[in-house]
Amino acid sequence: MRPHKLRLSKRSQRLILTILASASMVGLLVIQVDWLMESIKMQEAIFAKGVNMALQQTVLNMAKDEELNTAIQNSIEKDSLINSQEVFTQNIISRLDSTVQKELELYHINLDFHFLLINGEDTLSVKPTSKVKNGELFHQSFNSPDPNASIDLAIRFPGRRAFIARRIGIMFATSILLILFTIASLFMILAYYRKERTFAQQVKDMIGNLTHEFMTPISSISLAGNMILNRSQKSGDQTTVNLVTAIKEENKKLQGQVDRLLQLAAVENSGFDYNKAPVDIHLIIDDAIQAMTFQLNQNEAEVKCNFQAPASVVLADSLHLNDVFINLLSNSLKYSVEKPIIRIETKNLDQKIEITVTDNGIGIPPREFKRIFEKYYRISTGDMHTTKGFGIGLYYVKTVIKAHQGSIKVQSENQKGSNFIIVLPVIKQN
């Protein structure tokens, strides 16, 4: 039993892609916000580390300042909350302030601060301060002149949060703006894509409608041509026979182009399925050559086959695979400037067959290799109307080969012909 393959319509694929893209943007936004919050915590930690190290150095400097130590001793002996301004002169306050500020600047902390001396439950307010909240103080123990006292030097920064916010503010704002810009760009791209898809569908529908409309007059011309040809042959009017034959051949070419458009519409239909069955690829190639007999003779072309692959049975839709080789043969005729010589060779590679179609045409520039299999793309060779076609032949070829789990590539040089190499899996023979 063949395994069942899950098939999604193009609409479902687009919906899934849109959901995944939107989820990716939301995920990116969540990750970015989380990263920014971690950055805030890191900046807080760096700030606290800098302040604590500055305080450590400050208390070491304070221990060497005899005048400051005397003032602290006097403040402890008195009611410090009432008389601190009497014992801490402006000179002592300024020296302590400048010492703290100097140490903070070493860590790039340029903020206004208030400092306090804390003795147990007493706060020796060296500089006026507002009510202190929990977590606002950074403090460091100081070796007090009084062995019975435990003095802490404490600092609070009223503008700490604003300082940290400024440090990451630009980064935060830039990140948010970039994320919003990316999201806006995504929605704009989706909007443009939807607009272009709608236009492409309209063009596709128009081509499909025109193609079907062409079928009626083509059939009428073919029927009328057959009637005129039969009468002319009976009457012996050779001139009319020749004219009608030319009309029928041109009508046949037109019908071939219309059939290609119909085939292209079929293989692009998400609900289309190939009717695959075991078939000898050599027979398919022979049938394609037979179908191209008139065009080959008209161009005096020579086709040389060298079938060396002993394993040549593939699981394929013979109708579409036959059209693949008709397209390649037709291209070889179109792009030849001298007598066309086409070589078709086959050989086995492991469990695969390699088919090489070689011509002596004008060749393909290397820069065009990736684009020749694009839909509606035609190689620029000066006058676009010199060689007839819609630019769908090679796109159709690649689409069919890919649907058969195969691959196709081209090797070519200017004015030295082209090699189209097709690789398909073969059926194992018992």
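**Sheet and helix packing in a predicted model**

Strands β9 (residues 352-358) and β11 (residues 418-425) are paired antiparallel, with 7 bridges between them. The model is predicted. Both strands belong to an open sheet of 5 strands with mixed pairing, and helices α7 and α9 pack against parts of that sheet. The points below cover the sheet, the helices on the sheet, two helix-helix contacts, the loop at Gly-406 and two annotated segments.

**The sheet**
- The strand order is β6-β8-β9-β11-β10.
- β6 (302-307) and β10 (407-412) are the edge strands; each has a single partner strand, so one side of each has no neighbour in the sheet.
- On average, neighbouring strands are turned by 15° against each other, with direction ignored.
- Within the β9-β11 pair, Lys-352 has Pro-425 of β11 as its bridge partner.

**Helices on the sheet**
- α7 packs on the sheet and touches β6, β8 (341-349), β9 and β11.
- The direction of α7 makes about 175° with that of β6.
- α9 lies across β8, β9 and β11, and runs at about 170° to β11.

**Contact of α7 with α9**
- The axes of α7 (residues 281-291) and α9 (residues 318-334) come within 9 Å and cross at roughly 55°.
- That angle makes α7 oblique to α9.
- The crossing of α7 past α9 is right-handed.
- On the α7 side, the contact is made by Ile-281, Ile-284, Ile-285, Asp-287, Ala-288, Ile-289 and Ala-291.
- On the α9 side, Ser-318, Leu-321, Asn-322, Phe-325, Ile-326 and Leu-329 take part.
- By class, the residues of the α7-α9 contact are 10 nonpolar, 2 polar and 1 charged.

**Contact of α9 with α10**
- α9 and α10 pack at an angle of about 145°, and their axes are 9 Å apart.
- α9 passes α10 in a left-handed crossing.
- From α9, the contact involves His-320, Leu-321, Asp-323, Val-324, Asn-327, Leu-328 and Asn-331.
- These meet Gly-393, Leu-394, Tyr-396, Val-397, Val-400 and Ile-401 of α10.
- The residues of the α9-α10 contact divide into 8 nonpolar, 4 polar and 1 charged.
- Leu-321 of α9 appears in the contact with α7 and also in the contact with α10.

**The loop at Gly-406**
- Gly-406 sits in the loop between α10 (393-403) and β10.
- Leaving out residues up to four places away in sequence, Gly-406 touches Ile-401, Val-423 and Leu-424.
- Of these, Ile-401 is also among the α10 residues that meet α9.
- Gly-406 and Lys-352 are separated by 54 residues in sequence, while their C-alpha atoms are 9.1 Å apart in space.

**Annotated segments**
- An unreviewed UniProt entry lists residues 15-37 and 170-193 under "transmembrane region".
- In the model, residues 15-37 are 100% helix and 0% strand, with the end C-alpha atoms 33 Å apart.
- Residues 170-193 are likewise 100% helix and 0% strand, and their end C-alpha atoms are 34 Å apart.

Notes: Residues numbered from 1 in each chain as written. Predicted model: local features only at pLDDT ≥ 70, side-chain atom pairs only at ≥ 80, totals over all residues. Heavy atoms only, no water. Axes fitted to C-alpha atoms, helices over the stretch in contact; angles between N-to-C directions. Helix = DSSP H or I, 4+ residues; strand = E, 2+ residues; numbered from the N terminus. Parallel < 35°, antiparallel > 145°, perpendicular 65-115°, else oblique. Left-handed = near helix turned anticlockwise from the far one by under 90°. Contact = heavy atoms within 4.5 Å. Nonpolar A, V, L, I, M, F, W, Y, C, P; charged D, E, K, R; others polar. Pairing = 2+ DSSP bridges. UniProt positions renumbered as here; feature names shortened; annotations may be inferred.
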